[in-house]
Amino acid sequence: MVLTPLTKEDLRIIGFNLSKICYITGFILFLPTIVAVLYSEFDTVPYFLIGSAASFILGSILYHFLYTKEEMELKHALVMAALAWLLAPLLASIPIWLSHSMASLLDACFEGISGFTGTGLTLVPDIDHMSRSINFLRHFLQFVGDGIGIIVISLSILGRTEMSSVLAFRGEAKEIGIRPSIVRTSRIIIGIGVMFLALGTVLFTVAGIQEGLDPGQAFFDGLNHAMTGYATGGFTTHSQSLLYYHSLWIELAAMVTMIIGALNFNLHYAVLGGRRSEILRNLEVRVLVFAMLAFGFLVSANLMAVKLYPTTEALFRKGFFQVISAQTTTGFQTVPPVHLMLVWPVFSILILSVAMLLGGSANSTSGGVKMLRVGVLLKSLVNEIKRSLLPSTAVVGGSFHHVEETPLTDKIIRGAAVISLGYLLLFSFGTMITVLHGYGLEDAMFETASALGNVGLSSGITSPAMPALLKVTYMFLMWAGKLEVIAVFVLIGFILLALRRGIK
């Protein structure tokens with residue numbers, strides 16, 4: 001296979017499609033001005049307007065100077081998606097940086113990437129005293145970036161042709177299959193997200209009022225946590241995460257929201273359309289539930305063995321909750337990071353690390369390798385064992401049910417294996433960099449798995465004081481994990497090809 005040299009038209013196609021992302025980002029950064037006005041935080045309004053204006057200006061430059069009617073090919077879509085998930089967070093970091101909420105510009109960029117990718121690792125020194133409008137922006141970034149997807153929003157509003165839309169979907173590592181029209185699919189995904197956002201807001205708000213919060217504060221916290229819970233993002237309005245409330249009701253609301261967010265959009269659509277039996281038949285749901293129960297049992301048993309938590313309720317709220325948060329890649333915590341690093345047994349830390357790497361469902365708001373790929377690899381392993389045991393004349397085939405019956409082909413198995421291998425390589429790279437900075441192996445594995453799996457649970461390594469190189473490493477891992485590795489490698493190949501052969 002001979003790689004064709006890059007052309008100026010390739011760059012034009014990519015740049016022109018990035019202009020849409022800039023426009024959408026500009027609109028996203030303008031909306032928090034409403035919150036700023038409602039809470040009389042007029043000093044933050046200019047920060048949002050500057051960030052919004054910068055996004056619209058950059059989008060206009062790209063649109064007018066790189067305008068083209070040419071359609072995207074797959075290589076364009078992958079590179080465009082990879083660049084979009086860098087460009088949008090960097091633009092979003094402008095108001096965060098201008099608000100003086102962060103210790104440095106690098107920290108603001110870290111926060112922007114963590115927000116848009118739905119990771120939830122944070123470098124904010126004092127979340128509890130952050131202005132409400134800036135705090136709202138952090139949570140809103142997770143909802144639009146990971147809960148819905150900035151490219152999905154772009155397609156639903158500015159989508160051009162069906163082929164470009166299909167390729168953009170693939171570039172963002174999302175499946176197709178809800179409706180024949182990709183633009184309509186995008187709008188359905190947004191509708192599902194808004195519906196569950198409303199449900200989550202009600203659950204969190206009622207739980208907050210039940211715990212004695214002022215209704216206004218309960219609603220503000222509830223809205224923000226519903227956004228990040230459904231987006232499996234994990235940002236919270238307090239530095240202690242959900243531990244701040246010491247509330248069983250809020251933790252139960254979080255569990256419901258996290259699990260909903262970790263399920264496939266196609267599954268949501270099927271169930272909402274009346275196909276409720278799909279929940280029990282779906283391979284991915286079965287693997288996800290089994291993994292949660294198995295990991296939850298192992299962590300709870302380990303914590304019980306070391307007598308860390310004396311009651312069943314404490315084991316559920318500390319052990320099992322952390323497993324659900326890790327498996328759904330949300331990152332809500334009810335255990336202080338210092339306890340995870342210094343008090344929790346190593347076995348439980350390793351189990352949580354595995355859960356974070358495996359993640360939730362494909363085509364959901366979750367990160368990680370995804371349970372569908374895990375299920376596919378497990379079924380292929382069973383088939384290989386059968387081939388070894390059965391006569392050579394026996395034919396071993398198979399299929400799996402994922403919204404519809406799907407043949408288990410070599411192409412599907414190979415795709416699952418390649419993505420899994422990519423995650424493993426990046427996990428090894430991140431762990432090595434963290435260890436070289438003087439952290440213990442188990443803590444390095446935990447924090448790396450959290451960044452790469454877009455989770456947000458922390459053992460305490462992630463902080464404003466950590467080395468700049470480690471911040472950049474985690475930013476790279478969050479970005480690569482969001483794109484599910486392939487788009488990152490394509491972008492790197494795109495750059496290397498341009499350096500080697502030039503641009504024609």
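A salt bridge is a side-chain nitrogen of Lys or Arg within 4 Å of a carboxyl oxygen of Asp or Glu. Arg275 and Glu278 meet this rule, with N and O 3.4 Å apart. The structure above is a predicted model, in which local features need pLDDT of at least 70 and side-chain atom pairs count only at pLDDT 80 or more, while totals for chains, interfaces and linings use all residues. Residues are numbered from 1 along each chain as its sequence is written, and side-chain values use heavy atoms, with hydrogens and water left out.

**Salt bridges**

- Side chains of opposite charge can pair when their charged atoms come close.
- The count for this model comes to 10 salt bridges.
- In the pair introduced above, Arg275 counts as partly exposed because its relative accessibility is 40%, whereas Glu278 is buried because its relative accessible area is 1%. Here buried means under 20% relative accessible area, exposed means over 50%, and partly exposed lies in between (1.4 Å probe, protein chains only).
- Another salt bridge joins Lys482 to Asp146, at 2.6 Å from N to O. Lys482 sits in helix H20 (residues 468-482) and Asp146 in helix H6 (residues 132-158), so this pair links distant parts of the chain, 336 residues apart. Helices (H or I, at least four residues) and strands (E, at least two) are DSSP runs, numbered from the N terminus. Both Lys482 and Asp146 are buried.
- Glu484 and Lys370 also form a salt bridge, with their closest N and O atoms 2.7 Å apart. Glu484 lies in the loop between H20 and helix H21 (486-501) and Lys370 in the loop between helix H16 (346-358) and helix H17 (371-389), so the pair ties together parts that are 114 residues apart in sequence.
- Glu484 and Lys370 are buried.
- Glu251, Glu313 and Arg317 are joined into one network by salt bridges that share partners.

**Backbone angles**

- Lys370 turns up again here: it is not a glycine, yet its phi is positive, at about 95°. Its relative accessible area is 4%, which means that Lys370 is buried.
- Asn454 is another residue other than glycine with a positive phi, near 55°. You can find Asn454 in the loop between helix H19 (441-452) and H20, and it is buried, with a relative accessible area of 3%.

**A strand hairpin**

- Strands E1 (residues 399-402) and E2 (residues 404-407) run antiparallel and are joined by four bridges; two strands pair if DSSP finds at least two bridges between them.
- Phe400 stands opposite Thr406 in E2.
- The two strands, E1 and E2, form a hairpin with one residue between them, and Val403 in the turn has a positive phi of about 70°.

**Cysteines**

- A disulfide is a covalent bond between the sulfur atoms of two cysteines. The rule used here asks for a pair of cysteine sulfur atoms within 2.5 Å, and the count comes to zero disulfides.
- Why does Cys22 not bond with Cys109? The sulfur of Cys109 is the closest cysteine sulfur to that of Cys22, but at 15 Å it is too far for a bond.
- Cys22 is buried, at 0% relative accessibility, and Cys109 is buried too, with a relative accessible area of 14%.
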